[in-house]
Amino acid sequence: MWEDNINAVSYIDPLVCFIDLLSGDYIVCSLFSVQSIENELEDSSRIRGVVRTSLTLCSSVYLLTSFFGFLLFGEGVLDDVLANFDTDLGIPFGCALNDAVRLSYAAHLVLVFPVIFYALRLNVDGLIFSSSRRPLVVDNLRFSSVTIAFVLIIFLGANFIPNIWVIFQFTGATGAVCIAFIFPAAIALRDRYNIATKTDTILAILRIVLAVLSNAVAIYSDAYALINEKKA
């Protein structure tokens with residue numbers, strides 16, 4: 001019976017991972033940038049088109065990556081398709097294709113990092129220095145301090161964490177739950193302008209409780225799997 005359950009899960013995993021990637025990439029990497037982008041638009045109503053276009057492009061990239069990855073590697077495709085390009089592909093110009101994939105991924109990181117880092121710095125500054133009357137852009141000392149601190153943390157993490165998938169397991173679900181459920185519910189509970197109804201408050205508390213419970217289960221399952229993997 002246990003083997004049957006494992007086999008059943010193995011068939012579901014690709015679909016679950018695909019849905020998780022589509023939703024998680026938008027929630028974790030893009031959702032907190034929407035407000036910043038909307039503020040910079042001359043016509044704020046255009047943000048809907050921007051979001052729809054971004055989701056369409058993101059979905060298309062994932063679909064094409066999974067489709068052509070399966071065509072190229074078949075059943076040998078790994079969870080991280082980039083790991084398949086570390087070996088000899090056995091096709092003409094395989095080395096050139098490997099180099100092109102690595103360069104495109106490096107370019108992707110170079111382009112994405114400033115967008116994510118900008119939103120991260122802005123939000124953390126608002127959280128830590130909420131009482132400051134000077135905006136971050138005009139306070140050079142605070143701007144430099146926050147930037148250097150985050151760059152050092154990122155550098156140390158990149159050098160001392162052996163496997164990025166360990167971080168993804170613990171922070172992916174946590175970040176998505178916080179951004180999508182806990183933070184909006186916390187804002188509703190704070191009710192700065194006294195517009196929330198009793199129903200809104202109850203729903204906000206329910207969302208936080210469910211988010212914490214589901215995230216605790218996810219962290220426990222990831223930790224349990226990691227410990228068993230080390231023992232094996």
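**Helical layout, salt bridges and selected residues**

With a relative accessibility of 66%, Asn194 counts as exposed (over 50% relative accessible area; buried is under 20% and partly exposed lies in between, for a 1.4 Å probe and protein chains only). The model is predicted, so to speak of local features a pLDDT of at least 70 is needed and side-chain atom pairs count only at pLDDT 80 or more, while totals for chains, interfaces and linings use all residues. Residues are numbered from 1 along each chain as its sequence is written, and side-chain values use heavy atoms, with hydrogens and water left out.

The backbone at Asn194 is worth a look too. Asn194 is not a glycine, and yet its phi is positive, at about 55°. The residue sits in the loop that runs between H6 and helix H7 (198-231) (helices are DSSP runs of H or I with at least four residues, strands are E runs with at least two, and numbering starts from the N terminus). The positive phi of Asn194 thus belongs to a loop residue that counts as exposed.

The overall layout of the chain comes next. The protein chain holds seven helices and zero strands. Read from the N terminus on, its elements follow the order α-α-α-α-α-α-α. The chain has 232 residues, and 17% of them count as buried.

Several residues help to place the helices. In helix H3, which covers residues 47-73, one finds Phe67. Phe67 counts as partly exposed because its relative accessible area is 47%. In helix H7, Leu203 also falls into the partly exposed class, here because its relative accessibility is 45%. Leu203 can be paired with Ala185: these residues are 18 apart along the chain, and their C-alpha atoms are separated by 8.1 Å.

Helix H4 holds Leu122. The relative accessibility of Leu122 is 35%, and therefore it counts as partly exposed. From the C-alpha atom of Leu122 to that of Val146 the separation is 9.4 Å, with their positions 24 residues apart along the chain.

What is the count of salt bridges? The count comes to three (a salt bridge being a side-chain nitrogen of Lys or Arg within 4 Å of a carboxyl oxygen of Asp or Glu). One of them joins the side chains of Asp99 and Arg102, with 3.6 Å from N to O. Asp99 and Arg102 lie about one helical turn apart, because they are three residues apart in helix H4 (residues 94-128). As for accessibility, Asp99 is partly exposed, since its relative accessible area is 42%. Arg102 is partly exposed as well, with a relative accessibility of 41%.

A second pairing brings Asp125 together with Arg142, where the closest N and O atoms are 2.7 Å apart. This pair links distant parts of the chain, as Asp125 belongs to helix H4 and Arg142 to helix H5 (residues 140-160), with 17 residues separating them. Are Asp125 and Arg142 buried or exposed? Both residues are buried. For Arg142, the relative accessible area is 8%, which explains why it is placed in the buried class.

Arg142 has a further partner in Asp139, and in this salt bridge the closest N and O atoms are 2.9 Å apart. Asp139 is buried because its relative accessible area is 15%. Which residues are linked in a network of salt bridges? The network consists of Asp125, Asp139 and Arg142. Within it, Arg142 bonds to Asp125 at 2.7 Å and to Asp139 at 2.9 Å.

Taken together, the salt bridges show two settings. Asp99 and Arg102 are paired within helix H4, and each of these residues is partly exposed. In the network, by contrast, Asp125 and Arg142 are buried, and Asp139 is buried too.
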